[in-house]
Amino acid sequence: METYDALLASITPAAGQNSRTILDPATGEAVGEAPVHTVEDLQAAIDAAAAAQPAWAALGHDARSAALLKAADAVERSAEELARLLSREQGKPLNGPNARFEVGACSAWLRATAGTPLEPEVVVDDGETHAELHYRPIGVVGAIGPWNWPMMITIWQIAPALRMGNAVVVKPSEYTPLSVLALISIINQELPEGLLSVVSGGRDVGEALASHDAIGKVMFTGSTATGKAIIRSSADTVKRLTLELGGNDAGIVLPDSDPKAIAEGLFWGAFINTGQTCAALKRLYVHESQYEAVCSELAAVAAAMPMGNGLDENNVLGPLQNRQQYNIVARLVDAARESGARILVGGNPDDNQPGNFYPTTLVADIDNDNPLVAEEQFGPALPIIKYSTVDEAVAKANALDVGLGASVWSSDLGAAREVAARIQAGTVWINKHGAVDPRVPFGGAKQSGYGLEFGAEGLKALGVPQVING
Ligand code: NAD
């Protein structure tokens, strides 16, 4: 795509199509028009996908991988325009681990998925029995996504599905449809018509997708409440599901850590994408011997991280994507303050400025029973909880019914690994938080979901296992 305007024009709804204006969360100004698709549009997309899928499956892995590599090149050629659109629609800055980083992850994941080996496994070969495990395409896969990392999460869902020989119908969040429409229009330059499409509708379209009898699997990333609704609506057709749901990640700072050395890692673990990240650090447990030192080092890092309009290259933190999310954060921080918690930094939004900006907020002298700790807050606030013994910290980390990620911070790797093994979470990072890698499986424990993404495990999850015995 040559220019930003050309990119936007390529996804502008046709005359007569119902549409909705998408507003920039930093300014309240219009970003563009998104189509409002209906359940009838969904049916047309599923029909087209089902028609295109057999020929795609027949191409074989090498040809499909080649198409994914070309799609990665196409995304790279339009990377700056895509990042700009993402920044305007989602709010995340171009700079820092944000919009350019997210678009870069899209091409990286396409390439990694294209290169993931997938050979049939010989499970028994003893002279009498020869049994092989293969993975066959499922057919048409539905991909339903959230608004926080809309492009990257769409790629996480569609890349392994396509590589395995499936067709895909994508239902993006109603908050960030333009980013996904633009990304898919670029990828579709390299794919057969009808194989991959976007149906930009609301909850009704999501529900219809999750219950449709021609959809063999739903890849869902979003809240735990919606995940439960999808389990129910997909039950009649016994759909395969990968559910990447809500989190409320704990971090434990062990007594031997160096507060100054870990402060920046802790900050980005918590505040990446202004805290709107499923696997962001949301509860920090710090040993009493280091409590004040960690609080003040974190406050110093926070003061050096500018928040503002994402198109300004100086900013590394942006607005919250929508007012609903802003209101959740404001309510939880206000309640923490009223309960007697100490606000170290932030907590004082300027309601006179345009946009959904909520300042970086650190809250001390708080415990697990406070709603700011117990509920998924999904914004730029970090409660810091004091503990006396490691057993107490582990018990508090495990006390919630979600378990997406967690982290342990220590200068003793062996001690950190021992603590990590006791934490109920899908990933436990050591001396970092939230880092994802296309080669490393990722998925939640407890009510953070089930099924793995990425790497060979993630690829197999987009196929139907078939045993050939004989
Ligand atoms: P959400 O659950 O409100 O919406 C996600 C998607 O589901 C949207 O596209 C929405 O239109 C659709 N949807 C809503 N109701 C539906 C229904 N009944 N049936 C089918 N589809 C339906 O989530 P959100 O607010 O967009 O995203 C934030 C949430 O996503 C947070 O809880 C966050 O933790 C989670 N998340 C998880 C991961 C992960 O990898 N585990 C990654 C990112 C975000």
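Which residues lie nearest the centre of the largest pocket? Let's start there, and keep in mind that this is a predicted model. The answer is W147, F220, G222, S223 and T226, out of 49 residues that line the largest pocket. If you're looking for the elements, the ones giving two or more residues to that lining are α6 (150–163), α8 (203–211), β8 (215–221), α9 (224–234) and α12 (323–338). The biggest giver there is α9, with 7 residues. In volume, we're talking about 1,200 Å³ of space in the largest pocket. And for the chemistry of the walls, the lining splits into 20 nonpolar, 18 polar and 11 charged residues.

Okay, on to pocket number two. The second largest pocket holds about 350 Å³ of space. It has 20 lining residues, and F101, I272, G434, A435 and V436 are the ones nearest its centre. Two or more residues each come from α5 (99–114), α6 and α10 (259–271), and α5 has the largest share of that lining, 4 residues. So what does the lining look like by class? For the second largest pocket it's 16 nonpolar and 4 polar, with no charged residues.

Now the enclosed spaces. How many cavities of 30 Å³ or more turn up in a search of the whole structure? There are 2. The largest cavity comes in at about 90 Å³. Its walls are W109, A112, T113, T116, W156, P160, P438, F454, G455, G458 and L459, and the elements supplying two or more of those are α5, α6 and α16. No charged residues in that lining either: the largest cavity has 7 nonpolar and 4 polar ones.

The second largest cavity is about 60 Å³. Of its 15 lining residues, R283, A397, V402, G405 and Q424 are closest to the centre. Here β10 (249–253), β15 (402–403) and β16 (405–409) each put in at least two residues. By class, the second largest cavity is lined by 7 nonpolar, 5 polar and 3 charged residues.

Let me go back to the largest cavity for a second, with W109, W156 and F454 among its lining residues. Those names come up again in the aromatic pairs. The count of aromatic pairs is 11. One of them is F442 with F454, a stacked pair with centres 5.7 Å apart and 10° between the planes. F442 is in the loop between β17 (427–430) and β18 (445–446), while F454 is in the loop between β19 (449–450) and α16 (455–460), so to speak a link between distant parts of the chain, 12 residues apart. Buried or exposed, those two rings? F442 counts as buried because its relative accessibility is 4%, and F454 is buried too, at 7%. Ring pairs join W109, W156, F442 and F454 into a cluster.

There are also a couple of charges sitting over rings. The charged end of R84 is over the ring of Y4, 5.5 Å from the ring centre. R323 lies over the face of Y326, and that distance to the ring centre is 3.8 Å.

Last topic: salt bridges. The whole-structure search finds 17 of them. Take E102 and K92, whose closest N and O atoms are 2.5 Å apart. E102 is in helix α5, and K92 is in the loop between α4 (79–90) and α5, 10 residues away along the chain. E102 is buried, with a relative accessible area of 0%, and K92 counts as buried at 1%.

Now set that beside K260 and E297, where the closest N and O atoms are 3.9 Å apart. K260 lies in helix α10 and E297 in helix α11 (residues 291–303), so this pair ties together parts that are 37 residues apart in sequence. K260 counts as exposed because its relative accessibility is 61%, whereas E297 is partly exposed at 22%.

And there's one within a single helix: D334 and R337 meet in a salt bridge at 3.0 Å, N to O. Both are in helix α12, 3 residues apart, about one turn of the helix. D334 is partly exposed, at 33%, and R337 is partly exposed as well, at 35%. One more to look up on your screens: D73, E76 and R111 are joined into one network by salt bridges that share partners.

Notes: Residues are numbered from 1 along each chain as its sequence is written. This is a predicted model: local features need pLDDT of at least 70, side-chain atom pairs count only at pLDDT 80 or more; totals for chains, interfaces and linings use all residues. Side-chain values use heavy atoms; hydrogens and water are left out. On a 1 Å grid over the protein atoms alone, a cavity is a set of points where a 1.4 Å probe fits but cannot get out, and a pocket is an open set with protein on both sides within 12 Å along at least five of seven lines; lining residues have an atom within 4 Å of a point. Grid points are joined across faces, edges and corners, and a volume is the space filled by probe spheres set on the points. Ala, Val, Leu, Ile, Met, Phe, Trp, Tyr, Cys and Pro count as nonpolar, Asp, Glu, Lys and Arg as charged, and the others, Gly among them, as polar. Rings of Phe, Tyr and Trp (its six-membered ring) pair if their centres lie within 6.5 Å; planes under 30 degrees apart count as stacked, over 60 as edge-to-face and the rest as tilted. Buried means under 20% relative accessible area, exposed over 50%, partly exposed in between (1.4 Å probe, protein chains only). A charge sits over a ring if NZ of Lys or CZ of Arg is within 6 Å of the ring centre and within 35 degrees of the ring normal. A salt bridge is a side-chain nitrogen of Lys or Arg within 4 Å of a carboxyl oxygen of Asp or Glu.
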